[in-house]
Amino acid sequence: MRKLLLACTALIALTASADAAIVRTLGGLNWTVAGTELGLGGVPTGNQVDNNPCIICGANQPNQTNTALDFGYTDYGNTGKVGTFAYFSSGTLRDKVLGQDAISAVNYTGQQIIDAVAALGGENGAFGIGVDMNDTKVAQTLESFFFLDLTSKTVLGYFSPELLDGVLLPSVNNGTGFPDYTLNGLTTNGLIADHEYAFFARISGANDGPDSFFLTPGVQAAVPEPGTWLLLICGFAGVGFMAYRRKQAFRMA
């Protein structure tokens with residue numbers, strides 16, 4: 001049992017070091033990747049307009065601006081055939097001027113995201129990202145997606161955090177406004193009301209109409225990351241060890 005506890009201690013230290021060692025440069029700033037790895041799921045219900053609000057979208061839906069929630073987004077225009085694009089979200093209601101790899105001067109507050117997810121009906125603060133891919137029957141690559149705490153310069157959620165490890169995402173429902181995939185595992189739990197937050201997406205091989213990213217309600221809270229599971233396992237081991245010690249002490253008495 002003692003050996004197991006020592007092994008757990010070593011593994012926790014290694015896990016913490018590994019998490020802290022992953023750093024990505026986005027928008028000219030360094031970000032520590034210490035959040036949840038997002039899962040790739042199937043087609044969300046409805047279409048892009050129904051699944052408002054947009055966060056990073058091309059100009060392909062006339063009603064995609066969510067005035068009811070006053071939730072801003074980056075509208076990068078009908079530039080689908082751009083090869084590679086990399087955009088941050090924007091807190092401006094419809095930001096048409098934000099350039100690639102540029103961080104908006106106006107971003108979401110934690111309270112805005114909490115309220116938006118609650119309005120969508122996200123269960124226990126859970127939400128995902130709907131992805132609308134449009135291609136010429138040649139699959140495009142989602143290189144990475146990040147949910148960022150701008151205030152602490154921390155990555156809270158990520159998809160493909162390492163360079164050059166993107167995933168081909170062929171269009172399932174080709175045509176603008178009809179989503180194809182969902183990035184799952186995000187939650188508003190732990191967001192700080194007055195912190196600034198943003199999303200970031202990078203796609204390579206863009207070859208057709210503009211791709212889009214938008215919020216969708218989640219049905220469950222985010223799955224604990226490996227380090228959290230390790231802590232739970234070691235916690236159970238510790239409880240077992242203490243019970244064993246008490247049992248031994250009782251026998252000796």
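This is a short tutorial dialogue on reading a predicted model.

Q: Which residues of the largest nonpolar core touch the most other members?

A: Start with the general idea. Nonpolar side chains tend to be buried together in soluble globular proteins. Here the largest nonpolar core has 34 residues. Those touching the most other members are I55, I113, F127, I129, F145, F199 and F213.

Q: Which elements each supply at least two residues of this core?

A: One helix, α2 (110–120), is on the list. The strands are β4 (54–57), β6 (83–88), β8 (126–132), β9 (140–149), β12 (181–187), β13 (196–206) and β14 (212–217). The largest share, five residues, comes from β13.

Q: What does I55 touch, not counting residues up to four places away in sequence?

A: Its partners include F71, Y73, T74, S89, S90 and Y108. I55 also touches I129, F145, F199, F213, F214 and L215.

Q: Which residues does the second, separate core include?

A: That core has twelve residues. Among them are A86, F88, F146 and V155.

Q: Are C54 and C57 buried or exposed?

A: Buried means under 20% relative accessible area. C54 has 1% relative accessibility, so C54 counts as buried. C57 has a relative accessible area of 0%, so C57 is buried.

Q: How many disulfides does a search of the whole structure find?

A: The search finds zero disulfides.

Q: What is the order of the open sheet of six strands?

A: Read across the strands. The order is β3-β12-β8-β14-β4-β5, and the pairing is mixed. The edge strands, β3 (39–41) and β5 (74–75), each pair on one side only.

Q: How many bridges join β8 to β14?

A: Six bridges join these strands, which run antiparallel. For one residue pair, take G130: its bridge partner in β14 is F214. Helix α2 packs on the sheet and touches both β8 and β14. The direction of α2 makes about 65 degrees with that of β14.

Q: Why is N30 classed as buried or exposed?

A: The cut-off for exposed is over 50% relative accessible area. N30 has 54%, so N30 is exposed. N30 lies in strand β2 (residues 29–37).

Q: What is N30 in contact with, leaving aside its neighbours within four places in sequence?

A: N30 is in contact with V23, R24, T25 and K153. A polar contact of 2.8 Å joins the side chains of N30 and T25. For K153, compare sequence with space. N30 and K153 are 123 residues apart in sequence. Their C-alpha atoms are 7.2 Å apart in space.

Terms used:
Residues numbered from 1 in each chain as written. Predicted model: local features only at pLDDT ≥ 70, side-chain atom pairs only at ≥ 80, totals over all residues. Heavy atoms only, no water. Core = buried A, V, L, I, M, F, W, Y, C linked by side-chain atoms within 4.5 Å. Buried < 20%, exposed > 50% of the residue type's maximum accessible area, 1.4 Å probe, protein only. Helix = DSSP H or I, 4+ residues; strand = E, 2+ residues; numbered from the N terminus. Contact = heavy atoms within 4.5 Å. Disulfide = S-S within 2.5 Å. Pairing = 2+ DSSP bridges. Axes fitted to C-alpha atoms, helices over the stretch in contact; angles between N-to-C directions. Polar contact = N/O pair within 3.5 Å; in protein donor to acceptor, adjacent residues only side chain to side chain.
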